[in-house]
Amino acid sequence: MANKTYALITGASNGIGKAFAEECAARGKNVLLVALPEPKLEEVTNQLSSQYTDLSFHHLGINLMEQGAPRQILNWCQEKGYVVDLLINNAGLGNSGPFVSRPSEFYEGQMQLNMVSLVSLTHLFLPMMMSLPKANIINVASMAAFYDIPFKGIYSASKKFVLSFSRSLNKELEGSSVSITVLCPASVPTNPDVMLREKELGLMARLSSRSPQQVAQYTLDKMLQGRQVVIPGFFPRLYKRIGTVVPYRARLNILAKQFIKNSK
Ligand SMILES: NC(=O)c1ccc[n+]([C@@H]2O[C@H](COP(=O)([O-])OP(=O)(O)OC[C@H]3O[C@@H](n4cnc5c(N)ncnc54)[C@H](OP(=O)(O)O)[C@@H]3O)[C@@H](O)[C@H]2O)c1
């Protein structure tokens, strides 16, 4: 009998990752939940297990800022015989504030989590996924990927990296069984920092806002339709279009003014 297949989701204990886990379960998928080793990871796993008794849910608490973490995740899957046909690289860390206001260790951790762990997981899981008849990867970037954002420079650069890497690799994988979808959400109220930012950024951010559930449902639907880049919401797509006709320096000034307000 063929092994069961799973969706492996990083950052699955909260926010968009948790919503992806719930939506995958609602669509009949077994889920492997990966996040920091905090009690809520087990709570989310247990809650899904009791709600969907015919499906399998397993969790691994691990810090993806640590270099060896992606290899440990693959080893865990191989030891347990978990076959992954949907990899959702969601865990990521945002911030805003003057570049020099944080120690360089903060940015090193942010880059390790947002970029290096995502590349490593993709690289390590691709051989397994390419051996399956059909498999998908969702890499979570951000609307920030489309702009240079003063006071949020490392974050926006890390998300540009995710967007660029995902698009090029998707082209490279044409003709294989694996497709890559890159998700670029605007504001998603998932944690107190994002909710405060939404409040401070005002109407534009509120109009762009989508719940984690809306983002997860929309993204999985678009992934199944073969969409390469997914931007949930009418307003974020409209702002992106308007952004292309605003001259670069004006755009930079607007973003600098917006994000200095939100700096902390
Ligand atoms: N929310 C937004 O407005 C928004 C907009 C655009 C893009 N995004 C992107 O969407 C993704 C998810 O964002 P979110 O707002 O849903 O985040 P969130 O609510 O802060 O949740 C982050 C998840 O990642 C886990 N995590 C954090 N650091 C980790 C680490 N070092 N190792 C392993 N797991 C770690 C967290 O575990 P704990 O709960 O234990 O900390 C949690 O499960 C991120 O890549 C983010 O950049 C978010």
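This section describes the overall form, the sheet, selected residues and the charged pairs of a predicted model.

The protein chain contains ten helices and seven strands. Its C-alpha atoms fill a box of roughly 60 × 40 × 30 Å along the principal axes. The radius of gyration is 18 Å, in agreement with the value near 18 Å that a compact globule of 264 residues would have. Of the 264 residues, 51% are buried. Among contacts with a separation of 6 or more, 70% join residues 24 or more positions apart. The chain exposes about 12900 Å², of which carbon and sulfur atoms supply 56%.

The seven strands form an open sheet with parallel pairing, in the order 3-2-1-4-5-6-7. Strand 3 (57-61) and strand 7 (229-230) stand at the edges; each has a single partner strand, so one side of each is left without a neighbour in the sheet. Strand 1 (residues 5-10) pairs with strand 2 (residues 30-35) in the parallel sense over five bridges. Within this pairing, Ile-9 stands opposite Leu-33 of strand 2. Strand 1 also pairs with strand 4 (residues 83-89), again in the parallel sense and over five bridges. Here the bridge partner of Thr-5 is Val-83 in strand 4. Five of the six residues of strand 1 are buried, so this strand is largely enclosed by the rest of the structure. Towards the edge formed by strand 3, strand 2 pairs with strand 3 in the parallel sense over five bridges. Leu-32 has His-58 in strand 3 as its bridge partner.

Two buried residues illustrate contacts between parts of the chain that are separated in sequence. Asn-90 lies in the loop between strand 4 and helix 4 (104-130). Its relative accessibility is 11%, and it therefore counts as buried, the limit being 20%. Apart from residues up to four places away in sequence, Asn-90 touches Thr-10, Gly-11, Ile-16, Gly-17 and Val-140. Of these, Thr-10 belongs to strand 1 (residues 5-10), and Ile-16 and Gly-17 fall in helix 1 (15-26). Val-140 is part of strand 5 (135-140). Thr-219 lies in helix 8 (residues 212-224) and is buried, with a relative accessible area of 0%. Neighbours within four places in sequence aside, Thr-219 is in contact with Phe-20, Ile-138, Leu-183 and Val-230. Phe-20 lies in helix 1 (15-26), Ile-138 in strand 5 (135-140) and Val-230 in the edge strand 7 (229-230).

Side chains of opposite charge can pair when their charged atoms come close. A search of the whole structure finds six salt bridges. One of these joins the side chains of Lys-29 and Asp-85, with an N to O distance of 2.8 Å. Lys-29 lies in the loop between helix 1 and strand 2, and Asp-85 in strand 4, so the pair ties together parts that are 56 residues apart in sequence. Asp-85 is buried, at a relative accessible area of 14%.

A salt bridge is also formed by Asp-148 and Lys-160, whose closest N and O atoms are 3.1 Å apart. Asp-148 lies in the loop between strand 5 and helix 5 (153-172), and Lys-160 in helix 5; the pair therefore ties together parts that are twelve residues apart in sequence. Both residues are partly exposed, Asp-148 with a relative accessible area of 34% and Lys-160 at 30% relative accessibility.

The side chains of Glu-174 and Lys-171 meet at 3.0 Å, N to O, in a further salt bridge. Glu-174 is exposed, with a relative accessible area of 55%, as is Lys-171, with 53%. In addition, salt bridges link Glu-23, Arg-27 and Asp-221 in a network. Glu-23 falls within helix 1 (15-26), and Asp-221 within helix 8 (residues 212-224).

On the surface, Phe-234, Leu-238, Ile-242 and Val-245 make a nonpolar patch of about 380 Å². Val-245 lies in helix 9 (residues 234-245). With 66% relative accessibility, Val-245 counts as exposed.

Terms used:
Residues numbered from 1 in each chain as written. Predicted model: local features only at pLDDT ≥ 70, side-chain atom pairs only at ≥ 80, totals over all residues. Heavy atoms only, no water. Patch = residues over 30% accessible without salt bridge, like charges linked within 9 Å, V, L, I, M, F, W, Y side chains within 5 Å. Areas by Shrake-Rupley, 256 points an atom, 1.4 Å probe, with all protein chains shown as cover. Salt bridge = Lys/Arg side-chain N within 4 Å of Asp/Glu carboxyl O. Helix = DSSP H or I, 4+ residues; strand = E, 2+ residues; numbered from the N terminus. Buried < 20%, exposed > 50% of the residue type's maximum accessible area, 1.4 Å probe, protein only. Rg over C-alpha atoms; globule rule 2.2 N^0.38 Å. Contact = heavy atoms within 4.5 Å. Pairing = 2+ DSSP bridges.
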